[in-house]
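Colleague: I am new to this structure and should like to learn how to read it. Would you take me through it one feature at a time?

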Amino acid sequence: MKKLMLSLLLSGVIFAGVAQEKSNAKENVSRDGRHATKKEFKLEKKTAEEIAQIRTDRMDKKLKFTDKQRKEIYSLQLDQAKKDKKNFADRRVAMEQMKKDRMTQREKLIQSLNPEQQKVYKESFAENRKQHRMRKSGDRPVRRDRIERNHKEGKGNIEVSKETSVKNS
């Protein structure tokens, strides 16, 4: 019995060590630039020139450009990276403005309601915020129409609790 427990313990330690080595190997590969991770190449943290260089290098590894082609591809990638950066900045400004507009609209809406309606509205707003946070964390309840569609498509047995949360089994 002791030998069995010892062998199980050793195999578990070896398995954990091998798994750790594989994940480290993946990290090293991405640092070399062969496989870029989302954390490593976020557009907002890189300049347009860096982005163009990264994209060109990736393509060059696969396609083996000549010097002339490399310059042309780099210039195309640089133009696109500059456009991407501009669009990203424009989107951020537009999102901020939209957020301000929504807050202003919400304040005006609340002012036009009586105190009882304001209370109900604020409770509803708080519930919607709670649902939104749940969606972001992955614990969100699934809507009824999605439940019915999944059931019709035969995607497992679905149970619905009183809180409308769903469990696939």
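Modeller: We shall go from the overall pattern to the helices, then to single residues, and finally to the pocket. Please keep in mind that this is a predicted model.

Colleague: How many helices and strands are there in the protein, and what pattern do they follow along the sequence?

Modeller: The protein has 5 helices and 2 strands. Read along the sequence, these elements give the pattern α-α-α-α-α-β-β.

Colleague: What share of the residues in the protein is buried?

Modeller: Of the 169 residues in the protein, 10% are buried. As for contacts, take those with a separation of 6 or more: residues 24 or more positions apart account for 32% of them.

Colleague: Let us turn to the helices. What span should helix α2 have?

Modeller: One multiplies a rise of 1.5 Å a residue along the helix, and compares the result with the distance between the end C-alpha atoms. Helix α2 covers residues 48-63, which is 16 residues, and should therefore span 22 Å; its end C-alpha atoms are 22 Å apart, in agreement. The 45 residues of α3 should span 66 Å, and here too the end C-alpha atoms agree, being 66 Å apart.

Colleague: Which residues of α2 are buried, and where do they lie around the helix axis?

Modeller: The general idea is that an α-helix has 3.6 residues a turn, so residues three or four places apart point the same way. In α2, the buried residues are Ala48, Ile51, Ala52 and Thr56. Seen down the axis of α2, they fall within an arc of 125 degrees, so they line one face of the helix. The buried residues of α2 pack against α3.

Colleague: Which residues of α3 are buried, in turn, and what covers them?

Modeller: In α3 the buried residues are Ile73, Gln77, Leu78, Ala81, Arg106 and Ile110. Their cover includes α2 and α4.

Colleague: May we look at single residues where α2 and α3 meet? What does Thr56 touch, leaving aside residues up to four places away in sequence?

Modeller: Thr56 is in helix α2. Its relative accessibility is 1%, and because buried means under 20%, Thr56 counts as buried. Leaving aside residues up to four places away in sequence, Thr56 touches Phe65, Arg70, Ile73, Tyr74 and Gln77.

Colleague: Is Gln77 buried or exposed, and what does Gln77 touch beyond four places away in sequence?

Modeller: Gln77, in helix α3, has a relative accessible area of 15% and is therefore buried. Beyond four places away in sequence, Gln77 touches Ala52, Arg55, Thr56 and Met59.

Colleague: Is Leu76 buried or exposed?

Modeller: Leu76 also lies in helix α3. At 56% relative accessibility, Leu76 counts as exposed, because the cut-off for exposed is over 50%. Leu76 and Thr56 are 20 residues apart in sequence, and their C-alpha atoms are 9.3 Å apart in space.

Colleague: What follows α2?

Modeller: The helix is followed by Lys64, which is found in the loop between α2 and α3. Most residues other than glycine have a negative phi. Lys64 has a positive phi of about 55 degrees although it is not a glycine. With a relative accessible area of 61%, Lys64 is exposed.

Colleague: And what does Ile110 touch, again beyond four places away in sequence?

Modeller: Ile110 lies in helix α3 and, at 15% relative accessibility, counts as buried. Beyond four places away in sequence, Ile110 touches Gln118, Tyr121 and Lys122. Ile110 and Tyr121 are 11 residues apart in sequence and 8.0 Å apart in space, C-alpha to C-alpha.

Colleague: Finally, which residues line the largest pocket, and how much space lies in it?

Modeller: About 390 Å³ of space lies in the largest pocket. Its lining consists of Met95, Glu96, Met98, Lys99, Arg102, Met103, Gln105, Arg106, Tyr121, Phe125 and Arg129. The elements that give two or more residues to this lining are α3 (67-111) and α4 (115-137). Helix α3 gives the most, with 8 residues. By kind, the lining residues divide into 5 nonpolar, 1 polar and 5 charged.

Note on methods:
Residues are numbered from 1 along each chain as its sequence is written. This is a predicted model: local features need pLDDT of at least 70, side-chain atom pairs count only at pLDDT 80 or more; totals for chains, interfaces and linings use all residues. Side-chain values use heavy atoms; hydrogens and water are left out. On a 1 Å grid over the protein atoms alone, a cavity is a set of points where a 1.4 Å probe fits but cannot get out, and a pocket is an open set with protein on both sides within 12 Å along at least five of seven lines; lining residues have an atom within 4 Å of a point. Grid points are joined across faces, edges and corners, and a volume is the space filled by probe spheres set on the points. Helices (H or I, at least four residues) and strands (E, at least two) are DSSP runs, numbered from the N terminus. Ala, Val, Leu, Ile, Met, Phe, Trp, Tyr, Cys and Pro count as nonpolar, Asp, Glu, Lys and Arg as charged, and the others, Gly among them, as polar. Buried means under 20% relative accessible area, exposed over 50%, partly exposed in between (1.4 Å probe, protein chains only). Contact means heavy atoms within 4.5 Å. The expected span of a helix is 1.5 Å times one less than its number of residues. The arc is that of the directions from the helix axis to the C-beta atoms.
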